[in-house]
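Subject: Handover of a structure, with notes

Hello,

Here is the structure for your own work. My notes come after it.

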Amino acid sequence: MKDFDVTVNEYLPLREVVFNTLRRAILKGELEPGERLMEVALANKLGVSRTPIREAIRKLELDGLVVMIPRKGAIVAKITEKDLRDVLEVRASLEDLATQLAVQRMFEDDIVQLRSACDAFSRAVDEGDDFHELAKKDVAFHDIIYAATENQRLVQMLNNLREQMYRYRLEYLKDESAHRTLAEEHIQITEAIRTRDEEKAVSIMHRHILAQEKAVLSKIHAQEMEEKAKKAAGEAR
């Protein structure tokens, strides 16, 4: 079993601590789609009894992050096309709004920070950093745009979506051919914001988000075709 951080919060019941820990591990890809959730192994890892593990798995099933398979038990749910489209439809609209407000409200110091985050992502691509490190730098870039909106409700909504988006972002970043495109889009977004070109900044950001949707959908379709081929091969034997 892979390592993942335990989310400790003394103000929450143990079952909620376990639920939040497993939920975050799934969304970050530390527990991968299709991976079995073994109650005994998880209880030993987290240092708890099986009861809060079982309760957390039930809640994760209600959230659609876990599915119960006969004779196999709890499995981390696969990323589906419907899930992806639902999340990205909302994110695309909120990112458009955030970009529009950032163009209007960013101070010069904010633009300097944005350019620095943009450069950090480009360096990470040039140096061949792994996709987890790229994801962190991508998050840092977008955080500066969010903060510049000066709209806490909007930032809160975007942050709530962030965890749901994380495993989609990782799937996209696993494709090394996408890294240079992402870096270029960050540069273009930064320049459009710097020149206060609201229409261009929003347009590039929208394309930036939709590119992720297309890339991950392509992966989902490829995986579905592979599974069908395996199933057909198994039935032919």
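The notes below cover pockets, the cavity, salt bridges and one helix.

This is a predicted model, in which local features need pLDDT of at least 70 and side-chain atom pairs count only at pLDDT 80 or more, while totals for chains, interfaces and linings use all residues. Residues are numbered from 1 along each chain as its sequence is written, and side-chain values use heavy atoms, with hydrogens and water left out.

Pockets

Pockets and cavities were found on a 1 Å grid over the protein atoms alone. A pocket is an open set of points with protein on both sides within 12 Å along at least five of seven lines, a cavity is a set of points where a 1.4 Å probe fits but cannot get out, and lining residues have an atom within 4 Å of a point. Grid points are joined across faces, edges and corners, and a volume is the space filled by probe spheres set on the points. Helices are DSSP runs (H or I, at least four residues), numbered from the N terminus.

The largest pocket holds about 260 Å³ of space. Helix H9 (residues 198–236) gives the largest share of its lining, seven residues. The full lining is Pro33, Gly34, Lys78, Ile79, Glu171, Val216, Lys219, Ile220, Gln223, Glu226, Glu227 and Lys230. By class, the lining of the largest pocket has four nonpolar, two polar and six charged residues. Here Ala, Val, Leu, Ile, Met, Phe, Trp, Tyr, Cys and Pro count as nonpolar, Asp, Glu, Lys and Arg as charged, and the others, Gly among them, as polar.

For the second largest pocket the volume is about 210 Å³. At least two lining residues come from each of helix H1 (14–27), helix H4 (81–105) and helix H7 (152–173). Among the residues that line the second largest pocket are Arg23, Leu27, Asp83, Asp86, Gln164 and Arg167. Its lining divides into four nonpolar, two polar and five charged residues.

Cavity

One cavity of 30 Å³ or more is present in the structure. The largest cavity has a volume of about 40 Å³. Its lining consists of Arg91, Glu95, Tyr146, Leu158, Leu161, Arg162, Met165 and Arg169. H7 contributes the most to this lining, five residues, and H4 and H7 each supply at least two. Four of the residues lining the largest cavity are nonpolar, none is polar and four are charged.

Salt bridges

The whole structure contains eleven salt bridges, a salt bridge being a side-chain nitrogen of Lys or Arg within 4 Å of a carboxyl oxygen of Asp or Glu. For exposure, buried means under 20% relative accessible area, exposed over 50%, and partly exposed in between (1.4 Å probe, protein chains only).

Arg85 and Glu81 form one salt bridge, with 3.1 Å between the closest N and O atoms. Both residues belong to helix H4 and are four residues apart, about one turn of the helix. Arg85 is partly exposed at 33% relative accessibility, and Glu81 is partly exposed at 27%.

Arg180 and Asp126 are joined by another salt bridge, at 2.3 Å from N to O. Arg180 lies in helix H8 (residues 179–194) and Asp126 in helix H5 (residues 108–126), so this pair ties together parts that are 54 residues apart in sequence. Arg180 is partly exposed at 36%, whereas Asp126 is exposed at 56%.

Glu133 and Lys137 also meet in a salt bridge, at 2.7 Å from N to O. The two are four residues apart in helix H6 (residues 131–148), about one helical turn. Relative accessibility is 28% for Glu133, which counts as partly exposed, and 21% for Lys137, also partly exposed. Elsewhere, Glu39, Arg50 and Arg54 are joined into one network by salt bridges that share partners.

Helix H9

H9 has 39 residues and spans 57 Å from its first C-alpha to its last, close to the 57 Å expected at 1.5 Å a residue. The expected span is 1.5 Å times one less than the number of residues. Buried residues of H9 include Ala201, Met205, His208, Gln212, Val216 and Ile220. The buried residues of H9 pack against H4, H6, H7 and H8, where contact means heavy atoms within 4.5 Å. Val216 and Ile220 are also named in the lining of the largest pocket.

Regards
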